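This report covers the pockets, the sheets and one helix contact of a single chain. The sequence and the structure are shown first.

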Amino acid sequence: MTDLKVIVVGAAGRMGRMLIQTVAATEGLHLVGAIEREGAPTLGQDSGLLSGIGANGVLISDDPLPLFAKADAVIDFTTPASTTHFAALAAQARIVHVVGTTGMQSEDLEKLEAAARHAVIIRSGNMSLGVNLLAALVKRVAATLQEDFDIEILEMHHRMKVDAPSGTALLLGEAAAEGRKISLDEANTVRVRDGHTGAREAGRIGFASLRGGSVVGDHSVIFAGPSERITLSHHAEDRGIFARGAVRAAIWGRGQKPGLYSMMDVLGLSDV
């Protein structure tokens, strides 16, 4: 089989540079494009030099169309607006689109679903193997325990993160909600507590977000019941875990039928 030809969008960011490093280190993958926003100061620079792996001849560009035409997959950790734009391009080119972008709203997800009629789109709030295994455990525990066990999700990230709760926290919340057979909507969640809140309502899933320093990502799901607590946790120590998961998803996506998939599908955990 020929090498998988990959584009990295948001190529000059922290995750973009990590993805370029990971693609270069993965046998069977070949970087054919590195895209940044129009007017970015890194345009025209060698993406390999920028990523610390040595010159690779792939220059940072703001013109995705010719690159999408020759690629097999695009890996995308950008912004919701950029991701929906790239999803439309992936649908036109019929290529795999791996989405690690967080902070997406319902209207963004609708655009992804529309694009997935023509492209393989793999989206996850977290691409790491460990987090997706954690989500499978959370779903199972939530299904097993009754409502007298309250569910609280605590997450902490670096000071530069702009969305809360994190995409991973919401992924874990969705897993808990699926286990409880409820929806993760406003009626079943608590996102903010301030002032005189009254007693906690049974059955709701609570979220708390901490920001500071250079924390890559810490997540804990707490099941608090009468006289006992169960805590399931994951601690990310290196962004490389997300890049490796995204690359694995891109490889898995080759040959799949168009549709919207998750890392649970990639890891064979969708039926857990």
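How does the lining of the largest pocket divide by class into nonpolar, polar and charged residues? The model is predicted, and in it this lining holds 15 nonpolar, 21 polar and 7 charged residues.

**Pockets**

The largest pocket has a volume of about 1100 Å³. It is lined by 43 residues, and those closest to its centre are Met15, Phe77, Thr78, Thr79 and Thr102. Helices H1 (14-25), H4 (80-93) and H7 (167-180) each supply at least two residues of this lining, as do strands S10 (217-225) and S11 (228-236). H4 provides the largest share, 5 residues.

The second largest pocket has a volume of about 930 Å³. Of its 32 lining residues, Leu109, Arg123, Leu170, Leu171 and Glu174 are the closest to the centre. Two or more residues of the lining come from each of helix H5 (106-115), helix H6 (129-144), H7, strand S12 (259-261) and helix H9 (263-266). The most come from H7, which gives 6 residues. By class, the lining of the second largest pocket has 14 nonpolar, 11 polar and 7 charged residues. H7 is thus named for both pockets: it supplies at least two residues to the lining of the largest and 6 residues to that of the second largest.

**The sheet of 7 strands**

An open sheet is formed by 7 strands in the order S3-S2-S1-S4-S5-S6-S12, with parallel pairing. Its edge strands are S3 (60-61) and S12, each of which pairs on one side only. S12 also gives two or more residues to the lining of the second largest pocket. Within the sheet, Val9 has Ile35 of S2 as its bridge partner. Helix H1 lies across S1, S2 and strand S4 (73-76), and runs at about 160 degrees to S2.

**The sheet of 5 strands**

A second open sheet has 5 strands in the order S8-S9-S7-S10-S11, and its pairing is mixed. S8 and S11 are the edge strands, each pairing on one side only. Three residue pairs mark the register: His157 stands opposite Arg211 in S9, Val190 has Gly206 of S9 as its bridge partner, and Asp150 is partnered by Ala224 in S10. S10 and S11 also each supply at least two residues of the lining of the largest pocket.

Strand pairings from both sheets are listed below.

| Strands | Sense | Bridges |
|---|---|---|
| S1 (4-9) and S2 (29-35) | parallel | 6 bridges |
| S7 (150-157) and S9 (205-211) | parallel | 7 bridges |
| S8 (189-190) and S9 | parallel | 2 bridges |
| S7 and S10 | antiparallel | 7 bridges |

**Contact of H4 with H5**

The axes of H4 and H5 come within 9 Å and cross at roughly 10 degrees. Angles under 35 degrees count as roughly parallel, and the two helices are therefore roughly parallel to each other. On the H4 side the contact is made by Pro80, Thr83, Thr84, Ala87, Ala88 and Ala91, and on the H5 side by Asp108, Lys111, Leu112 and Ala115. These residues divide into 6 nonpolar, 2 polar and 2 charged. Both helices also take part in pocket linings: H4 in that of the largest pocket and H5 in that of the second largest.

Terms used:
Residues numbered from 1 in each chain as written. Predicted model: local features only at pLDDT ≥ 70, side-chain atom pairs only at ≥ 80, totals over all residues. Heavy atoms only, no water. 1 Å grid on protein atoms, 1.4 Å probe; cavity = no way out; pocket = protein on both sides within 12 Å on 5 of 7 lines; lining within 4 Å. Points joined across faces, edges and corners; volume = space filled by probe spheres on them. Helix = DSSP H or I, 4+ residues; strand = E, 2+ residues; numbered from the N terminus. Nonpolar A, V, L, I, M, F, W, Y, C, P; charged D, E, K, R; others polar. Pairing = 2+ DSSP bridges. Contact = heavy atoms within 4.5 Å. Axes fitted to C-alpha atoms, helices over the stretch in contact; angles between N-to-C directions. Parallel < 35°, antiparallel > 145°, perpendicular 65-115°, else oblique.
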